[in-house]
Amino acid sequence: MSYVDTTAIAINPRARRRRLLRKRFLRRPLAVVGLVVAAAFITAAILAPVVAPYSASATDFNATLAPPFTHGHLLGTDELGRDQLSRIIWGSRASIQAGVFSTLLAIAVAVPIGIIAGYYRGWIDPVIARLTDVLLAFPFLVLAVGLAAILGPSLTNATLALGIGAVPGLIRIARGEALALREEDFVRAAVANGARDASILARHVLPNMLSTLIVQATVTIPAAIIGEAVLSFLGLGVQPPTPSWGVMLSDAQSYVSQAPRLAIFPGIAIFLCSLSFNLLGDGLRDVLDPRTTR
Amino acid sequence: MGGFLLRKVGAALIVLVLASMLVFAGVRAIPGDPALALGAENRDPAVLQAIRHKYGLDKPLPVQYLNWISLAVRGDLGTDERELSVSNTIVQRLPITLELAGLAILIGSLIGIGAGVLAAWRRGKAADYAATTVALVGLSVPHFWLGILMIIYFAVRLHWLPAGGYVPFSTSPVQNLEHMLMPAIVLGTGLSAVLMRQMRSSMLGALGADYVRTARAKGLSELSVIGKHALRNSLITVTTVVGLQLGALISGAVITEQIFVIPGFGRLTIDAVNQRDYALLQGVVLVAAAGYVVVNLLVDVVYSLLNPRIRVSGAAT
């Protein structure tokens, strides 16, 4: 036992911290479940051609609106006899794509702006604050609807709109972090050592806000996943016949009395997918930020 | 206080001007010549030129913007494709959405604040975990899907409530509320999840504060400690959250009105896009942005009245 402890001390501090974080994370069952389910959705999206029992557009007119577990369709079929399970699996591509890429886009745009505002302050800070306010003034869906009108409805443009919608919030978070970090001793020491701004920002400020950013990204993804579903539902995102959970819900509206399950399964998929990322995000927050321990 | 107010109003004005420029530029960025759309089948250059002249489209963009905005601040947002006044249409539709939003805020606050207080008070106990888990579920559920489920069960299956539509309050208050109940619940539960989390954390902060310990030491009952001291101070923070949630509320209204076929402001936005009615879209987006800025300015002012510390410490930002 003492032997294990000495190696733990002997290995470098970063590896030790990683090991500690992993241990703390694994002690949170909900967070682990979130990670597993989120990973499953991502895998299903990538491997859709392999995992899905049917193609998303394959119609079976002998089995239209088939109930679950009949005609070899696990979740039944829609009005064109298309396999529901397969469409949900193929539809995960749009959701994951929109969720992940819009978040990455938002971080790529917002973090440098936020860091500049928080680290340099001066005249640039209020200017960025006002510009952020301008973006915030547009309710997200109104912004997305407007962008869809300008750019035309498509998954790419919906992703773009979702990304832009997430930018102002992320700018504020990055600014707040940079504002706090610039007062830290190690940043002051670097300044005193004559380090260039670029290297201070890249080596001291950015790495230290990483855990906040990771947590924020994990909770932005589910919001974007729901956002994609809403936009596709409204006809402003993925265009049929390409499968998407939002498109499936929109189609299902015509069959609420005959086949309400058509409106239930895609919704459960959206719910589970975004819940898994939210659970993961909550767990990561607890693990990475000891201030919020409950 | 005067300086603080002035700074806040000034910032809000700058934001409003920039937002209106963005709306204007955005609508101009939509591909296609508006004169062609207005001229319908007529492609005669002379006619198109006359249309451009009539609507001021032949003037430089800054002049067009100034013309538009100077009319807009006087309440004239121009006419839409059907030659109807955009301002009138918005004024007709807005009260419907305001009623929906008001009911949603009421439902959301009751559930959110109640659950948040309970969770903070019973911290670490079963009630806390239950409330926290329900809030997380509430954040993950797509609310428009919740709306569809409610239509399936309460309207299609049980026939308890109408599946959609709108009856003015003046026509029949009972029917009005019947039509508004499900949409308000859908919109309100979304708000309540956010409020619950905020309320829980600010209550926890308040319960750990010195004044609560003093109140307890004085021998006050738990009810009065929670209700009079901790709750009142936490509510101040939560008021700001409601203001910030206004954007989410408007977004929520857009999709909720779409599902429940309510002819409100949100549905107007979607209609404007689907009908490619850009004058209408421009007006709707401008009003939404202005509403958000004004409400948040009011929230800021109220907040500073309730909490004098912010006037000093918040001055820098």
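Reader: In chain A, what share of the contacts with a separation of 6 or more comes from residues 24 or more positions apart?
Author: In this predicted model, residues that are 24 or more positions apart account for 69% of those contacts in chain A.

Reader: Okay, and how many helices and strands are there in chain A?
Author: Chain A has twelve helices and zero strands, so that its pattern, when you read along the sequence, is α-α-α-α-α-α-α-α-α-α-α-α.

Reader: What does the C-alpha trace of chain A span along its principal axes?
Author: The C-alpha trace of chain A spans about 75 × 60 × 30 Å along those axes, and of the 294 residues in the chain, 47% count as buried.

Reader: Can I pick one residue? Where is A:G152 found?
Author: You will find A:G152 in the loop that lies between α7 (140-151) and α8 (155-181) of chain A.

Reader: And why does A:G152 count as partly exposed?
Author: A:G152 has 13 other C-beta atoms within 10 Å, and therefore it is partly exposed, since a residue needs 20 or more to be buried and 12 or fewer to be exposed.

Reader: How far apart are A:G152 and A:Y54?
Author: In sequence A:G152 and A:Y54 are 98 residues apart, while in space they are 30 Å apart, taken from C-alpha to C-alpha.

Reader: Changing topic: how many residues does each chain give to the contact between chain A and chain B?
Author: Chain B gives 37 residues to that contact and chain A gives 35 residues.

Reader: Which elements of chain B give two or more residues to the side that touches chain A?
Author: Those elements are α1 (2-28), α6 (126-140), α7 (143-157), α11 (246-259), α12 (265-274) and α13 (278-306) of chain B, and the largest share, seven residues, comes from α1(B).

Reader: What about residue classes on that side of chain B?
Author: The side of chain B that touches chain A has 30 nonpolar and seven polar residues, and no charged residues.

Reader: Back to α1(B), then: how do the axes of α1(B) and helix α4 of chain B cross?
Author: The axes of α1(B) and α4(B), the helix of residues 61-73, come within 11 Å and cross at roughly 120 degrees, which means that α1(B) is oblique to α4(B). The crossing in which α1(B) passes α4(B) is right-handed.

Reader: Which residues make the contact there?
Author: From α1(B) the contact has B:S20, B:M21, B:F24 and B:R28, and from α4(B) it has B:L61, B:Y65, B:W68 and B:I69. By class, the contact of α1(B) with α4(B) has six nonpolar residues, one polar and one charged.

Technical notes
Residues are numbered from 1 along each chain as its sequence is written. Chains are lettered from A and ligands numbered from 1 in the order in which they are written. This is a predicted model: local features need pLDDT of at least 70, side-chain atom pairs count only at pLDDT 80 or more; totals for chains, interfaces and linings use all residues. Two residues are in contact if their C-beta atoms, placed from the backbone, lie within 7 Å. Helices (H or I, at least four residues) and strands (E, at least two) are DSSP runs, numbered from the N terminus. Ala, Val, Leu, Ile, Met, Phe, Trp, Tyr, Cys and Pro count as nonpolar, Asp, Glu, Lys and Arg as charged, and the others, Gly among them, as polar. Axes are lines fitted to C-alpha atoms, for helices over the stretch in contact, and angles run from 0 to 180 degrees between N-to-C directions. Angles under 35 degrees count as roughly parallel, over 145 as roughly antiparallel, 65 to 115 as roughly perpendicular and the rest as oblique. A crossing is left-handed if the near helix is turned anticlockwise from the far one by less than a right angle, and right-handed if clockwise.
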